[in-house]
Each structure stands twice: as structure tokens, then as C-alpha cells.
Amino acid sequence: MARFQHLPLFQKCYSFSKEVYQLKLKLPQNLKHDLGSDLFKSALKSTKLVILANGSENKERALKELFLEVQVIWVWLRLLVDLKAISTGQFKELSERLADIEKQVSTWMSWDKKQRKLVVQTEVVLAKNQKS
């Protein structure tokens with residue numbers, strides 16, 4: 001198991017969380033403590049889920065939850081731009097970072113699925129060999 005701090009996905013989620021926090025501080029007062037806080041909590045949760053997935057033998061659950069949390073962040077960002085709390089430029093910049101995170105999560109999910117399939121195939125072969 002690699003240390004989570006060295007994972008590129010962890011680094012991107014951590015950096016994204018810091019950016020979201022800075023954004024939250026600049027939001028209008030009426031949005032800072034509800035939508036801004038929800039967005040920041042989702043960003044932190046995504047960072048936490050990277051750590052949990054990395055440390056877990058069964059990564060599937062944490063990765064699925066991480067993927068869904070990224071989708072929630074998309075909604076929060078879109079809502080902020082629709083409410084004109086952030087500019088379309090800020091939205092574009094954050095969206096590019098989030099798209100990169102989403103791509104890495106999807107790649108990790110695919111890798112994990114292949115690994116689980118290999119384990120099942122190996123178990124089948126071992127079971128056949130034991131019967132012989």
C-alpha cells in the first residue's frame with residue numbers, strides 16, 4: 001500500500017479542497033455558511049475517501065462513494081455559478097481541476113475492477129486444480 005500523501009489523486013483532492021476553502025471565504029455572507037460550507041465539506045470528504053480507498057483491501061465501496069461525491073461537487077459549483085456567486089472563469093478553472101479528479105477516480109475504479117476479476121479467475125483456477 002502506497003502512502004496516501006504520494007498519490008497524485010490525493011494531492012489533487014487536497015489542493016482542490018484548499019482552493020474551495022479560499023473560494024468559500026470570498027463568497028457573499030448569505031452563501032458562505034450554507035452552500036460554501038457544503039461545497040467545502042464535499043471537497044474534504046473526497047480527500048478523505050481517497051485515503052480510505054487507498055487503505056482498504058476492498059476499494060470498490062470507497063471509490064464508488066468518491067465518484068458520487070465528485071458529482072455532488074459538480075452540482076454545488078454549478079449552483080454557485082448560476083447564483084452568480086462565482087464567475088464563469090472561476091467555474092471553468094475549478095471544473096477543469098474537478099474533471100481531472102473525476103478521470104483519475106474512474107481510472108482507479110477500472111483498475112480495481114480488473115484486479116477483482118483477476119482474483120476471481122485465480123480462485124477458479126486454484127479450485128479446479130485442487131479437484132484434479
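Read from one end of the sequence to the other, the protein follows the pattern α-α-α-α-α. The count is 5 helices and 0 strands; both are DSSP runs numbered from the N terminus, with at least four residues of H or I for a helix and at least two of E for a strand. The radius of gyration is 19 Å, well over the 14 Å that the globule rule gives for 132 residues, so the protein is more spread out than a compact globule. That radius is taken over C-alpha atoms, and the globule rule is 2.2 Å times the number of residues to the power 0.38. Along its principal axes the C-alpha trace spans about 70 × 25 × 20 Å.

This is a predicted model, in which local features need pLDDT of at least 70 and side-chain atom pairs count only at pLDDT 80 or more, while totals for chains, interfaces and linings use all residues. Residues are numbered from 1 along each chain as its sequence is written, and side-chain values use heavy atoms, with hydrogens and water left out.

**Core**

Of the 132 residues, 34% are buried. Buried means under 20% relative accessible area, exposed over 50%, and partly exposed in between (1.4 Å probe, protein chains only). In soluble globular proteins, nonpolar side chains tend to be buried together. Here the largest nonpolar core has 32 residues, and those with the most contacts inside it are Leu9, Phe16, Val50, Leu77 and Leu80. At least two residues of this core come from each of helix H1 (8–26), helix H3 (35–55), helix H4 (60–82) and helix H5 (88–131). H4 supplies the largest share, 8 residues. A nonpolar core is a set of buried Ala, Val, Leu, Ile, Met, Phe, Trp, Tyr and Cys residues joined through side-chain atoms within 4.5 Å.

Not counting residues up to four places away in sequence, Phe16 touches Ala43, Ile73, Leu77, Leu94, Arg97, Leu98 and Ile101. Contact means heavy atoms within 4.5 Å. Among contacts in the protein with a separation of 6 or more, 72% are between residues 24 or more positions apart.

**Three single residues**

| Residue | Place | Relative accessibility |
|---|---|---|
| Ser17 | helix H1 | 4%, buried |
| Ser37 | helix H3 | 13%, buried |
| Lys84 | loop between H4 and H5 | 73%, exposed |

With neighbours within four places in sequence left aside, Ser17 is in contact with Phe40, Ala43, Leu44 and Thr47. On the same terms, Ser37 is in contact with Lys24 and Lys32. Lys84 has a phi near 60°, a positive value in a residue other than glycine. Most residues other than glycine have a negative phi.

**Largest pocket**

The largest pocket holds about 180 Å³ of space. A pocket is an open set of points on a 1 Å grid over the protein atoms alone, where a 1.4 Å probe fits, with protein on both sides within 12 Å along at least five of seven lines; lining residues have an atom within 4 Å of a point. The lining consists of Glu19, Gln22, Leu23, Lys26, Gln90, Glu93 and Leu94. H1 and H5 are the elements that give two or more residues to this lining, and H1 gives the most, with 4 residues. By class, the lining has 2 nonpolar, 2 polar and 3 charged residues. Ala, Val, Leu, Ile, Met, Phe, Trp, Tyr, Cys and Pro count as nonpolar, Asp, Glu, Lys and Arg as charged, and the others, Gly among them, as polar.

How values were computed:
Grid points are joined across faces, edges and corners, and a volume is the space filled by probe spheres set on the points.
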